[in-house]
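Q: Please take a close look at the interior packing here. Which residues sit at the centre, and how do the surrounding pieces meet?

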Amino acid sequence: MYACATQITYIWNAHKEARMTQSRRMLVLRAVVEDYIRSQEPVGSTSLTKQHDLGVSSATIRNDMAALEDEGYLIQPHTSAGRVPTEKGYRYFVDRLATVMPLSEAQRRGINSFLEGSVSLKDALQRAARLLSEITGQVAIVASPSLAKATMRHVEMVPVAMNTLLAVVITDTGRVAQHGLVVPSMPSADDINHLSSTVNEQCGGLSLAKAGEKVRSIAETAGFEEVKAVAKALADAFESMALDERANELYMSGASHLAHSRSLADLAPLFDALEEQVVLMKLMSNLSEETNASGVGVAIGSESHTPGLLHASVVSSGYGRKAASRDSNLDDGSTTSPSDNEPVAFVGSIGPTHMDYAATMAAVRAVARYLSAFISESGTDAS
């Protein structure tokens with residue numbers, strides 16, 4: 001019985017020691033990633049001992065680094081050099097960033113001040129791209145909201161020809177869409193205004209697809225016989241816009257930063273990737289919907305499944321109508337559940353795999369939240 005208890009104690013202690021070793025090893029990995037991000041030079045055990053209080057000798061750290069290399073977290077570029085993180089190492093580091101550190105009060109004031117000067121949604125998105133690029137020193141990409149994810153705020157119908165009206169649709173995201181409505185004959189101004197008022201009253205806040213259904217129902221209602229053709233044309237327009245899954249435009253800034261962070265051999269495929277807007281849109285949109293607890297998605301190197309981004313990382317976050325109301329402090333470090341957020345588009349940053357992930361994720365999230373606030377205020381003004 002005593003021998004059995006001794007054996008159990010020995011096994012338990014062995015497991016405990018293994019767990020402690022693994023935990024320390026991961027601290028060594030984190031230190032390597034942090035130092036490499038800062039210096040962009042291979043990291044050795046001696047520098048780790050000096051820079052970090054890991055509580056063990058340089059020889060032990062050297063052994064840990066060798067084990068991390070065997071496990072695929074680190075790689076040694078040259079025999080006598082230190083080690084650098086692999087994609088697996090960066091992924092471990094990013095996944096274990098417990099929280100995205102909030103920006104400083106000065107940075108938040110700067111973002112707010114810069115974006116407050118926006119005169120339109122397009123201006124806000126262009127400003128956001130320039131601002132994010134300046135903060136991160138990387139390529140910034142901001143997508144305008146997709147009509148497919150918008151709800152209707154207001155519609156105006158204006159006669160522009162003998163049998164054509166121009167429908168001007170304002171959405172909750174601040175998008176303004178125009179659509180020509182061709183009808184057999186032009187109704188009176190009073191009939192058109194009556195239809196417009198009814199549509200605005202009954203369709204405000206509905207998705208464009210639902211608004212189309214509602215307008216078809218209105219067309220069959222007594223009292224709207226004279227504008228039945230107009231109502232059906234408007235319903236067709238709403239349903240056409242509802243099928244627009246694409247974001248209207250991508251606003252990009254900071255491509256010149258790439259020349260300072262990539263080798264010439266890497267630049268050509270990277271610039272090619274930036275030209276493929278449909279590919280970028282799909283990648284960053286998916287990332288913005290598959291986020292961590294802080295609402296930020298990260299693809300490292302080959303995880304993007306895009307040849308031109310093999311030596312780059314992509315950080316993306318969605319912005320949308322509900323994101324602004326999650327908290328009055330737009331960058332307080334709090335987390336939200338996916339159900340609290342309905343992204344209508346994305347904001348993201350593309351940089352080298354040795355980017356400062358914590359700072360980039362914080363900047364992307366902050367800009368996304370400020371865009372959410374802008375859209376929320378624009379939607380309120382539009383209504």
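A: What follows goes from the chain as a whole to its cores, then to single residues and helix pairs.

This is a predicted model, where local features need pLDDT of at least 70, side-chain atom pairs count only at pLDDT 80 or more, and totals for chains, interfaces and linings use all residues. Numbering runs from 1 along each chain as its sequence is written, and side-chain values use heavy atoms, with hydrogens and water left out.

The chain has 12 helices and 10 strands (DSSP runs numbered from the N terminus: helices are H or I of at least four residues, strands E of at least two). Of its 383 residues, 47% are buried (under 20% relative accessible area with a 1.4 Å probe, protein chains only; exposed is over 50%, partly exposed in between). Among contacts with a separation of 6 or more, 66% join residues 24 or more positions apart (contact: heavy atoms within 4.5 Å).

Start with the cores. The largest nonpolar core holds 75 residues (buried Ala, Val, Leu, Ile, Met, Phe, Trp, Tyr and Cys residues joined through side-chain atoms within 4.5 Å). I141, L309, Y319, I350 and Y357 have the most contacts inside this core. Helix α12 (residues 357–382) supplies the largest share, 12 residues. L309 touches L270, A273, L280, L283, G301, S304, V314 and I350, leaving aside its neighbours within four places in sequence. A second core, separate from the largest, has 30 residues, including C203, A219, F224 and V230.

Now S349, in strand β10 (residues 343–352). S349 counts as buried because its relative accessibility is 0%. Its side chain makes a polar contact of 2.8 Å with the side chain of Q138 (N or O atoms within 3.5 Å; within protein, one must be able to donate a hydrogen and the other to accept it, and residues adjacent in sequence count only if both atoms are side-chain atoms). The S349 side chain also reaches the backbone oxygen of V139, at 3.4 Å. Beyond four places in sequence, S349 is in contact with L132, T136, Q138, V139, M284, S313, V314, V315, T360 and V364.

The loop between β8 (297–300) and β9 (312–320) holds H305, and T306 lies there too. H305 has a positive phi of about 55°, although it is not a glycine. H305 is exposed because its relative accessible area is 73%. T306, at 10% relative accessibility, counts as buried. A polar atom of the T306 side chain lies 3.0 Å from the backbone oxygen of S304. T306 also touches A273, V279 and L283, not counting residues up to four places away in sequence. Its C-alpha atom is 9.8 Å from that of P269, 37 residues away along the chain.

Next, the helix pairs. Two packed helices are described by the angle between their axes and the distance between the axes. Axes here are lines fitted to C-alpha atoms, for helices over the stretch in contact, with angles from 0 to 180 degrees between N-to-C directions.

Helix α5 (residues 105–116) and helix α6 (residues 121–136) cross at roughly 150°, their axes coming within 9 Å. The two are therefore roughly antiparallel (over 145 degrees; under 35 is roughly parallel, 65 to 115 roughly perpendicular, the rest oblique). Their crossing is right-handed (the near helix is turned clockwise from the far one by less than a right angle; left-handed if anticlockwise). I111, F114 and L115 in α5 meet A124, R127, A128, R130, L131 and I135 in α6.

Helix α7 (residues 189–203) packs on α8 at about 135°, with the axes 10 Å apart. That angle makes α7 oblique to α8. The crossing is right-handed. L195, T198, V199, Q202 and C203 of α7 meet A211, K214, V215 and I218 of α8.

Helix α8 (residues 208–219) also packs with helix α9 (residues 228–242), at about 165° and with axes 8 Å apart. α8 and α9 are therefore roughly antiparallel. This crossing is left-handed. Among the contact residues are L208, A211, V215 and A219 of α8 and A231, L234, F238 and M241 of α9.
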